[in-house]
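Welcome! Take a moment to look over the chain below, and then we will walk through it topic by topic.

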Amino acid sequence: QVQFVESGGGLVQPGGSLRLSCAVSGSISSILVMGWYRQAPGKQRELVADITSDKDTNYANSVKGRFTISRDNAKNMVYLQMNNLKAEDTAVYYCNAQIKRTGGLTIISYWGQGTQVSVSS
């Protein structure tokens with residue numbers, strides 16, 4: 001099995017900052033890509049940012065320059081530093097990991113349970 005522990009969500013005023021953390025554990029051989037997605041009410045889930053095991057990063061245009069994704073390969077953790085938050089960043093944020101399981105042959109996408117980020121004055 002694969003387990004996720006997400007933390008760091010909450011309520012913040014516009015212009016404020018939050019840092020999301022996600023720890024992945026279980027019978028894991030390797031994690032190729034880790035990322036954060038978000039889903040606002042009535043909208044589809046969208047990519048916020050992802051990062052490869054080589055630390056190559058990719059960001060949605062809407063968060064470039066404000067959000068920073070990072071990763072600790074030794075701990076199987078991924079972080080999302082969110083600065084200058086805007087009301088439109090309000091959503092449930094989901095951690096994602098593309099994992100090769102121990103003894104497995106394929107790469108499977110796994111999801112965390114999500115953490116709420118609300119930006120409001």
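Is K55 buried, partly exposed or exposed? With a relative accessibility of 42%, K55 counts as partly exposed. Keep in mind as you read on that this is a predicted model. The chain contains 11 strands and zero helices, and the points below look at how those strands are packed and linked.

**Overall build**

- If you read along the sequence, you meet the pattern β-β-β-β-β-β-β-β-β-β-β.
- The chain has a radius of gyration of 14 Å, close to the 14 Å that the globule rule gives for 121 residues, so the chain is as compact as a globular protein of that length.
- Its C-alpha trace spans about 50 × 25 × 25 Å along the principal axes.
- Of the 121 residues, 40% count as buried.
- The chain exposes about 6,400 Å², and carbon and sulfur atoms supply 47% of that area.
- Take the contacts in the chain with a separation of 6 or more: residues 24 or more positions apart account for 55% of them.

**The nonpolar core**

- In soluble globular proteins, nonpolar side chains tend to be buried together.
- The largest nonpolar core here has 32 residues, and those with the most contacts inside it are V24, W36, L80, M82 and Y93.
- Several strands give two or more residues to this core, among them β1 (2-7), β3 (18-26), β4 (28-39) and β5 (46-52).
- Further along the chain, β7 (67-72), β8 (77-82), β9 (91-101) and β11 (115-119) also give two or more residues each.
- Which strand supplies the largest share of the core? That is β9, with five residues.
- What does Y93 touch, leaving aside its neighbours within four places in sequence? Its contacts include three other residues named above, W36, L80 and M82, as well as E6, L20, Y37, R38, V48, F67, G114, T115 and V117.

**The disulfide**

- A disulfide is a covalent bond between the sulfur atoms of two cysteines.
- This structure holds one disulfide, formed by C22 and C95 with their sulfur atoms 2.2 Å apart.
- The link between C22 and C95 is left-handed, with -85° about the S-S bond.
- Because C22 lies in strand β3 and C95 in strand β9, the pair ties together parts that are 73 residues apart in sequence.
- Are these two cysteines buried or exposed? Both C22 and C95 are buried.

**A buried asparagine in β9**

- N96 has its place in strand β9, and N96 counts as buried at 3% relative accessibility.
- Which side chain does the side chain of N96 meet in a polar contact? The partner is the side chain of S109, at 2.8 Å.
- The side chain of N96 also reaches the backbone oxygen of Y110, at 3.1 Å.
- Leaving aside neighbours within four places in sequence, N96 is in contact with F4, V33, M34, G35, Y37, S109, Y110 and W111.

**Two residues to compare: L47 and V63**

- L47 sits in strand β5, and L47 is partly exposed, with a relative accessible area of 25%.
- Apart from neighbours within four places in sequence, L47 is in contact with W36, Y37, N58 and A60.
- L47 and Y93 are 46 residues apart along the chain, and their C-alpha atoms are separated by 9.7 Å.
- V63 is found in the loop between β6 and β7, and V63 counts as buried at 0% relative accessibility.
- Apart from neighbours within four places in sequence, V63 is in contact with R38 and V48.
- V63 and V33 are 30 residues apart along the chain, and their C-alpha atoms are separated by 19 Å.

**Two loop residues with positive phi**

- Most residues other than glycine have a negative phi, and most peptide bonds are trans.
- K55 has a positive phi, near 75°, and K55 lies in the loop between β5 and β6 (57-59).
- N76 also has a positive phi, near 55°, and N76 lies in the loop between β7 and β8.
- Is N76 buried, partly exposed or exposed? At 23% relative accessibility, N76 counts as partly exposed.

How values were computed. Residues are numbered from 1 along each chain as its sequence is written. This is a predicted model: local features need pLDDT of at least 70, side-chain atom pairs count only at pLDDT 80 or more; totals for chains, interfaces and linings use all residues. Side-chain values use heavy atoms; hydrogens and water are left out. A nonpolar core is a set of buried Ala, Val, Leu, Ile, Met, Phe, Trp, Tyr and Cys residues joined through side-chain atoms within 4.5 Å. Buried means under 20% relative accessible area, exposed over 50%, partly exposed in between (1.4 Å probe, protein chains only). Helices (H or I, at least four residues) and strands (E, at least two) are DSSP runs, numbered from the N terminus. Contact means heavy atoms within 4.5 Å. A disulfide is a pair of cysteine sulfur atoms within 2.5 Å. The radius of gyration is taken over C-alpha atoms; the globule rule is 2.2 Å times the number of residues to the power 0.38. Accessible areas come from the Shrake-Rupley method with a 1.4 Å probe; for residues, only the protein chains shown count as cover. A polar contact is a pair of N or O atoms within 3.5 Å; within protein, one must be able to donate a hydrogen and the other to accept it, and residues adjacent in sequence count only if both atoms are side-chain atoms.
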